[in-house]
Amino acid sequence: IAEVGATYGIAVSPQDGSVYASAYLKRFAGFGPGEVGSEGATGAIYSLTRDGAPTVLVDLSPDNPNNTTGFNTGANPHPNSTTSWPGGASGGVCDPAWHEVGRLGWGDIDINDDGTQLYAMNMFDRALYIFNTADGSLVSRHVIPGVTDVFSVADGPTWAASTCTNDPDQDLRPMATSYRNGTVYVGIVFSAASTLDDEDLTAYVWEFDLMTSQYAASPLLEFG
């Protein structure tokens, strides 16, 4: 676990069986070392094979000097060796990550049929990222529908249908990512953070067309 830290997203290459695992924020479970060996690489995606130790394919952590994309996955909220735990090391909410789970780091990841591209959801800027598996280079980035781009490059496309929210930047939280037949399916939750009404909780599945590099005009599925 020290070699990769807490992970969630898993993708397996259909060609050579390589396994890709993405960093994930959990309470009381630290991130791995990432590309530069720092404590708390929120933006690392690791490549694992049967033949050796994990290697870092991607690291969009904000403290990684080798990250030249202009984007990142948010700062590590965990206390580290140079900081103290608020309220001591006991109790349910003393880890500052309590309020940040689902808001930074990577969500789910997936891989295409020929193993050349990796698809990853950045929960910090709520954008779908496409990487080359050969070298980890960024192919493109696509903010989910309905939200503002925190890096002020390109806001997500307009969401024509009502989402029961007056504050999509607070309420819409993506995570799920799945590839099939040239389409990436993205799962988005309306968290009701702005309304605090559990009747507003809703889940959506959106299609992202890799040929046109565009999201569909409306969700494929909606339930809640």
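The points below go through a predicted model, from its overall make-up to single residues.

1. Overall make-up. The protein has one helix and 13 strands. Read from the N terminus, the order of elements is β-β-β-β-β-β-β-β-α-β-β-β-β-β, with the helix placed between β8 and β9. The protein has 224 residues, and 45% of them are buried.

2. Contacts and surface. Taking the contacts between residues at least 6 apart in sequence, 45% join residues at least 24 apart. The accessible surface of the protein is about 10,800 Å², and carbon and sulfur atoms account for 50% of that surface.

3. Salt bridges. The whole structure contains two salt bridges. In one, the side chains of R141 and D125 meet at 3.0 Å, N to O. R141 belongs to strand β8 (residues 138-143), while D125 sits in the loop between β6 (117-122) and β7 (127-132), so this pair ties together parts that are 16 residues apart in sequence. In the other, D149 pairs with R141, and the closest N and O atoms are 2.5 Å apart.

4. The network around R141. D125, R141 and D149 are linked in a network of salt bridges. Are these charged residues buried or exposed? D149 and R141 are both buried. For R141 the relative accessible area is 14%, and because buried means under 20%, R141 falls in that class. D125 is also buried, with a relative accessible area of 0%.

5. The largest pocket. The largest pocket holds about 250 Å³ of space. Its lining is made up of 18 residues, and those nearest the centre are V101, G102, R173, V189 and S191. Which elements give two or more residues to this lining? They are β9 (172-180), β10 (183-190) and β11 (202-209). The largest share, four residues, comes from β9.

6. A192. This residue lies in the loop between β10 and β11. A192 has a positive phi of about 65 degrees, although it is not a glycine. Most residues other than glycine have a negative phi. The relative accessibility of A192 is 5%, so A192 counts as buried.

7. S213. A positive phi also appears at S213, at about 55 degrees, and S213 is not a glycine. S213 is placed in the loop between β11 and β12 (214-215). With a relative accessible area of 38%, S213 is partly exposed. A reviewer may wish to look at A192 and S213 together, one being buried and the other partly exposed.

8. A44. Strand β3 (residues 44-48) contains A44. Its relative accessible area is 0%, so A44 is buried. Which residues does A44 touch, not counting those up to four places away in sequence? The contacts are A21, S22, A23, G34, V58, D59, S61 and W106. T7 is 37 residues from A44 along the chain, and the C-alpha atoms of the two are separated by 9.4 Å.

9. T116. T116 is in the loop between β5 (106-111) and β6. Its relative accessible area is 37%, so T116 is partly exposed. Leaving aside neighbours within four places in sequence, T116 is in contact with F131, N132 and T133. F131 lies 15 residues from T116 along the chain, and their C-alpha atoms are separated by 8.4 Å.

10. A nonpolar surface patch. L220, L221 and F223 form a nonpolar patch on the surface. Together these residues have about 290 Å² of accessible area. L221 is placed in strand β13 (residues 221-223). At 45% relative accessibility, L221 counts as partly exposed.

Methods
Residues are numbered from 1 along each chain as its sequence is written. This is a predicted model: local features need pLDDT of at least 70, side-chain atom pairs count only at pLDDT 80 or more; totals for chains, interfaces and linings use all residues. Side-chain values use heavy atoms; hydrogens and water are left out. Buried means under 20% relative accessible area, exposed over 50%, partly exposed in between (1.4 Å probe, protein chains only). Contact means heavy atoms within 4.5 Å. Patches are made of residues with over 30% relative accessible area and no salt bridge: like charges are joined within 9 Å, nonpolar side chains (Val, Leu, Ile, Met, Phe, Trp, Tyr) within 5 Å. Accessible areas come from the Shrake-Rupley method with a 1.4 Å probe; for residues, only the protein chains shown count as cover. A salt bridge is a side-chain nitrogen of Lys or Arg within 4 Å of a carboxyl oxygen of Asp or Glu. On a 1 Å grid over the protein atoms alone, a cavity is a set of points where a 1.4 Å probe fits but cannot get out, and a pocket is an open set with protein on both sides within 12 Å along at least five of seven lines; lining residues have an atom within 4 Å of a point. Grid points are joined across faces, edges and corners, and a volume is the space filled by probe spheres set on the points.
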